[in-house]
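I opened my notebook for a fresh look at this model and jotted things down as I went. Pull up a chair and follow along.

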Amino acid sequence: MTASSKPTKENFHSSGLLAYDALSYLQGFDSIMSEAKFTADTKTDPSFYDRSLTSRRYALVGVACSSIFSCSCIVAGIVIVANYGTFGVFAVNLETYALREILLLREILALTLNLIVTLCTEFIGFVHGIALRSTLASESRLHFNTNLRLLTAARGWYNPNGALLNGISAVLLIISYNSASLAVCYDAEIQPQTNGQGIAFAGLAFLILGVVLLLQVMIALSGIRAVKILTWSSSPFDLTAALVHHTQLTPATCRCMRSVCDLGIDGGPVKPREVQPSAWHAHPSIRKVIIFLWVIVAACVGWAALVMYIWDKDVGMHPVSPNALTPQTWSFSPGELSNFIWYILPGADPVVCILVFVNMIVVQGPLTLGLHCSELIANVIRDEKQWRRATGRKGLMTATNPVMMIFTHPICLVLFIAKPFLHWMFGLSFSMRISAYDGELLMPLVLMYTAQIWNLCIALFILACFFTFVALRRPRGPQPAAYGHIQTLANLVDEWSPVMWWGHKEDRVPYCHAGTSDHPLPDVKINHTYAGSGARSRVPLS
């Protein structure tokens with residue numbers, strides 16, 4: 001017997017079942033349908049939901065700036081390659097500075113470049129994500145406001161949000177950070193009469209960085225041209241209202257107290273829960289992301305252990321200390337006492353350059369994808385936080401500013417800072433030292449620093465613990481959890497307004513009704529049973 005035909009004690013009161021017969025069920029059916037239609041027609045009129053043209057302006061300006069930066073990198077790379085050769089560099093002589101100061105300056109420039117790449121990819125990713133969301137909605141496959149942008153594909157191989165271009169975008173994203181790590185290097189100059197040292201900018205790395213960013217811009221812009229964008233807002237409420245208005249989503253009745261975890265349960269009377277399910281249980285992809293983050297941590301620990309094992313076995317790698325890791329050699333950035341293992345990729349030709357990038361993609365790729373997937377957790381929790389403001393004093397504001405949400409939401413801010421910082425830390429631990437000598441690139445020297453790898457492990461462990469805690473945390477209060485699930489939000493919001501409050505709306509016998517309003521509502525009654533408006537006709541017959 002299914003749940004709809006065999007009510008449980010949690011869902012239905014047996015005394016209420018005897019109060020209604022088949023005649024009242026048939027008489028009430030038309031009124032429910034007209035009520036639902038009235039709600040869809042009048043509460044979500046075309047002028048209500050925010051198309052967020054401001055967000056579109058911000059996004060397009062960001063993409064334009066990314067295009068300008070990518071073109072600047074291409075021009076700079078072409079100029080350097082044209083004047084100094086394919087493997088030439090533009091060197092800045094800093095002979096008056098000490099070696100330690102030059103290396104510190106190089107790391108600061110590398111961190112700054114990683115931050116700029118993060119800003120560019122965030123703007124590009126926002127536009128690409130809006131296009132993916134609209135495409136999934138047009139295919140009736142959109143379930144959550146937030147999706148794994150590069151791992152969720154629309155139909156069609158040649159679709160800008162299809163599997164092929166999503167895979168290409170993922171590779172381009174990884175190469176973006178790889179190129180940023182290789183673009184700035186240490187330069188040693190030996191002249192007939194004087195010697196010098198300084199910072200060198202690799203033309204080929206800047207050229208590749210500009211090309212991959214420009215390709216990502218082209219893919220994102222082609223995505224928004226291929227589909228009709230109903231709203232640019234990142235708010236799940238504007239998206240839900242838009243889909244309801246355009247009849248791409250139909251609210252279900254008698255589910256005013258049903259959370260996203262109750263999707264497989266037929267609607268009906270239920271008492272409010274004092275604690276809501278966690279994001280881990282509500283969103284199936286979040287479980288995969290958390291597991292993937294811990295796999296990255298385990299892989300990093302295994303990498304550090306392997307480096308220490310090779311160090312102990314290879315006597316020739318003990319120029320500083322006989323032990324792979326000591327308090328004297330432990331530091332945040334590599335120094336004169338840092339222990340490391342190394343290997344050389346011989347030659348400086350196109351084949352070697354390809355091997356260098358493949359090497360970096362294989363090693364750095366999981367980190368880039370892991371941070372990309374973490375966006376899902378941050379955005380899902382952000383959507384839930386926004387929904388839970390409906391029971392607060394100020395209420396829920398449906399319109400959002402995507403730029404402000406990054407800096408005002410703690411989880412989004414943590415992830416925004418973690419992206420360039422962790423990629424920079426990766427560059428400290430896995431250093432592709434493509435040094436320059438007399439204006440020419442030398443053979444690539446790959447260095448793996450023991451202490452810096454362990455530093456990266458600690459940082460990844462902290463990040464994984466943070467997102468695991470956030471994903472497992474269960475919100476308190478009777479307000480049903482939605483986590484940006486658009487069908488659940490459509491069921492819970494029965495009155496739309498720019499500012500909404502959620503709470504108790506009607507006392508009925510035997511079931512109450514909870515919903516939203518444009519003014520503050522009283523708290524729901526924990527010991528009462530809720531079923532929504534029209535519940536009298538929707539109660540299953542015995």
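**Entry 1: the largest pocket**

I began with the lining of the largest pocket, where α3 (53–84), α4 (99–138), α10 (350–388), α11 (402–408) and α12 (410–429) each supply at least two residues. A reminder to myself before going on: this is a predicted model.

Which helix gives the largest share of that lining? I found that α4 does, with ten residues.

Next I looked up the space in the largest pocket, and the value is about 810 Å³. I noted 34 lining residues for the largest pocket, and Glu122, Phe126, Glu375, Asn379 and Arg382 are the ones nearest its centre. Sorting the lining of the largest pocket by class gave me 18 nonpolar, ten polar and six charged residues.

**Entry 2: enclosed spaces**

How many cavities of 30 Å³ or more are there? My count came to nine.

I picked the second largest cavity for a closer read, and about 120 Å³ of space lies in it. It is lined by 14 residues, and Arg106, Glu107, Ser181, Gly427 and Leu428 are the closest to its centre. For the lining of this second largest cavity, at least two residues come from each of α4, α5 (163–182), α12 and β6 (430–433). By class, I wrote down seven nonpolar, five polar and two charged residues for the lining of the second largest cavity.

I underlined α4 and α12 here, since both names had come up in my pocket entry and both turn up again in the lining of the second largest cavity.

**Entry 3: helix against helix**

For these entries I kept one general point in mind: two packed helices are described by the angle between their axes and the distance between the axes.

I took α9 (residues 284–313) and α13 (residues 450–472) to start. These two helices pack at an angle of about 165 degrees, and their axes are 9 Å apart. That angle makes α9 roughly antiparallel to α13. What kinds of residue make up the contact of α9 with α13? I listed 23 nonpolar and two polar residues, with no charged ones. I also noted that α9 passes α13 in a left-handed crossing.

Then I turned to α3 and α6 (residues 203–225). Their packing angle is about 150 degrees and their axes lie 7 Å apart. With angles over 145 degrees counting as roughly antiparallel, α3 is therefore roughly antiparallel to α6. The α3 and α6 crossing went into my notes as left-handed.

My last helix pair was α5 with α6. I read an angle of about 150 degrees for α5 and α6, with 9 Å between their axes. So α5 and α6 are also roughly antiparallel to each other. When I looked up the handedness, α5 was listed as passing α6 in a left-handed crossing.

**Entry 4: a sheet of three strands**

I moved on to an open sheet of three strands, in the order β5-β10-β11, with antiparallel pairing. Why is one side of β5 and one side of β11 left without a neighbour in the sheet? Because β5 (396–397) and β11 (513–517) stand at the edges, each has a single partner strand.

I then went through the pairings one by one. Two bridges join β5 to β10 (residues 499–506), and these strands run antiparallel. I wrote both bridge partners down: Met397 has Val499 of β10, and Leu396 has Met500 of β10.

On the other side, five bridges join β10 to β11, again running antiparallel. I marked His504, which stands opposite Ala514 in β11. The link between β10 and β11 is a hairpin, through six residues.

How values were computed: Residues are numbered from 1 along each chain as its sequence is written. This is a predicted model: local features need pLDDT of at least 70, side-chain atom pairs count only at pLDDT 80 or more; totals for chains, interfaces and linings use all residues. Side-chain values use heavy atoms; hydrogens and water are left out. Axes are lines fitted to C-alpha atoms, for helices over the stretch in contact, and angles run from 0 to 180 degrees between N-to-C directions. Helices (H or I, at least four residues) and strands (E, at least two) are DSSP runs, numbered from the N terminus. Angles under 35 degrees count as roughly parallel, over 145 as roughly antiparallel, 65 to 115 as roughly perpendicular and the rest as oblique. A crossing is left-handed if the near helix is turned anticlockwise from the far one by less than a right angle, and right-handed if clockwise. Ala, Val, Leu, Ile, Met, Phe, Trp, Tyr, Cys and Pro count as nonpolar, Asp, Glu, Lys and Arg as charged, and the others, Gly among them, as polar. On a 1 Å grid over the protein atoms alone, a cavity is a set of points where a 1.4 Å probe fits but cannot get out, and a pocket is an open set with protein on both sides within 12 Å along at least five of seven lines; lining residues have an atom within 4 Å of a point. Grid points are joined across faces, edges and corners, and a volume is the space filled by probe spheres set on the points. Two strands pair if DSSP finds at least two bridges between them.
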